[in-house]
Amino acid sequence: MQKPADRSPRLVLAPLAEFTDAPFRRMCIEGGADCAYTEMVSAAALLHGHGPTRHLMERMEGEGPLVCQIFGSTEEEAAFAAREIEKVKDRFCGIDLNAGCPMPRIIKSGAGASLVTDPARVFRMLSAMRENTSLPVSLKTRLGPHRGVKTIFELASAAESAGAVSIAVHARYTSQMHGGPVDLETLAELKSRTGLEVLGNGSVRTSGDLDAMLATGVDGVMVGRAALSDPFVFSRLKGIAQTPPADPVSMAERHLGYILRFRRLLEEKHPADHVPGEDAFASVKMHLHLFRYFNGLPGAAKLRAGLSSIRTLDGIRQAFIAFASAI
Ligand SMILES: Cc1cc2nc3c(=O)[nH]c(=O)nc-3n(C[C@H](O)[C@H](O)[C@H](O)COP(=O)(O)O)c2cc1C
């Protein structure tokens, strides 16, 4: 597919815990994303041998370039996680440290956005990762803890000194969580001051939003929530004529097919772990993802209500048939 010369930005699927699993990443790569991130993987859980955490490090056929994101609070955890990822490095094109998650539970553990105010620890953790993997290392972070305290320049210097190659910046402060205005001026200033590759991030949904972010000079743009109901948002933003499934039911059926394939892969590769059966696995994923494809369409509210009481694959398929005949 030919990319128009004036609109070929690098578009990356952001890490979204619970959502950016292998089936969804595959949908987004088909939808035009150039690269994706895993959900954040707990370095502490890896260190303590928690089996199912490794499921987050699996990928399926049809996926594209994939960065494995970890979260943790110490250089020991970061080093251990990097060594584990190195063992399966063929799956990944990079390893990223989460220094931006604002959830109180994560901050309390010393991980995620607690690192926004601790560039020295960011340096130590990224250095530990660098020493234990041959993969390129990167940082995903925010502008600072709250308006008035900007730490992004120190964080970028720490990352650069530690040998990271790239920084993804959610252009908001920790106190803003996931809402409120994004600060594109600071993003532009960062781009002019750092030698790192910079990915801009924060509420990009339309080509207007994308143009505004690209005007800061960033090297690429990360898109998260806009992809949740619409994995083909990437090709639309790029102006590429990629053909999405013809209707929401076909989109949901394709996604469901990938969910089932990925479940089989987990079962085969992790026989010692409990992998839920098809009915339970598909129902849980359905509740997270599939109803979004029908949002705003006639009959969507009814389908959504129906989906939450569905516990079997058969029930899911019946609901699709009912929805298809209603539109
Ligand atoms: C449900 C949810 C889960 C998220 N999980 C992660 C995560 O695992 N790692 C991370 O670095 N950021 C995570 N984020 C932040 C996103 O990667 C992204 O920075 C944020 O949503 C802003 O981008 P957007 O407006 O395009 O969604 C999450 C955000 C949401 C809403």
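Biologist: What classes of residue make up the shell around the ligand?
Modeller: This is a predicted model. The shell around the ligand holds nine nonpolar, nine polar and three charged residues.

Biologist: And which are the closest to the ligand?
Modeller: Ala-14, Pro-15, Met-40, Gly-224 and Arg-225 are the closest, out of 21 residues that surround the ligand.

Biologist: Change of topic. Where do the domains start and end?
Modeller: Domain 1 covers 10-238 and domain 2 covers 248-326.

Biologist: How many Å apart are the C-alpha centres of the two domains?
Modeller: The C-alpha centres of domain 1 and domain 2 are 28 Å apart.

Biologist: How many residues of each domain are in contact with the other?
Modeller: On the domain 1 side there are 14 residues, and they are in contact with 16 residues of domain 2. The side of domain 1 that touches domain 2 consists of eight nonpolar, three polar and three charged residues.

Biologist: Now the inside. How many residues are in the largest nonpolar core?
Modeller: The largest nonpolar core has 99 residues, and within it Leu-126 and Ala-159 have the most contacts.

Biologist: Which helix gives the most to this core?
Modeller: Helix H10, residues 248-269, with seven residues. The core takes at least three residues from domain 1 and at least three from domain 2.

Biologist: Back to Leu-126. What does Leu-126 touch?
Modeller: Leaving aside residues up to four places away in sequence, Leu-126 touches Leu-97, Val-137, Leu-139, Ala-159, Ala-162 and Ala-164. One of these, Ala-159, is the residue named together with Leu-126 for the most contacts inside the core.

Notes:
Residues numbered from 1 in each chain as written. Predicted model: local features only at pLDDT ≥ 70, side-chain atom pairs only at ≥ 80, totals over all residues. Domains from an automatic or database assignment. Contact = placed C-beta atoms within 7 Å. Nonpolar A, V, L, I, M, F, W, Y, C, P; charged D, E, K, R; others polar. Near = placed C-beta within 6 Å. Core = buried A, V, L, I, M, F, W, Y, C linked by C-beta atoms within 7 Å. Buried ≥ 20, exposed ≤ 12 C-beta atoms within 10 Å, placed from the backbone. Helix = DSSP H or I, 4+ residues; strand = E, 2+ residues; numbered from the N terminus.
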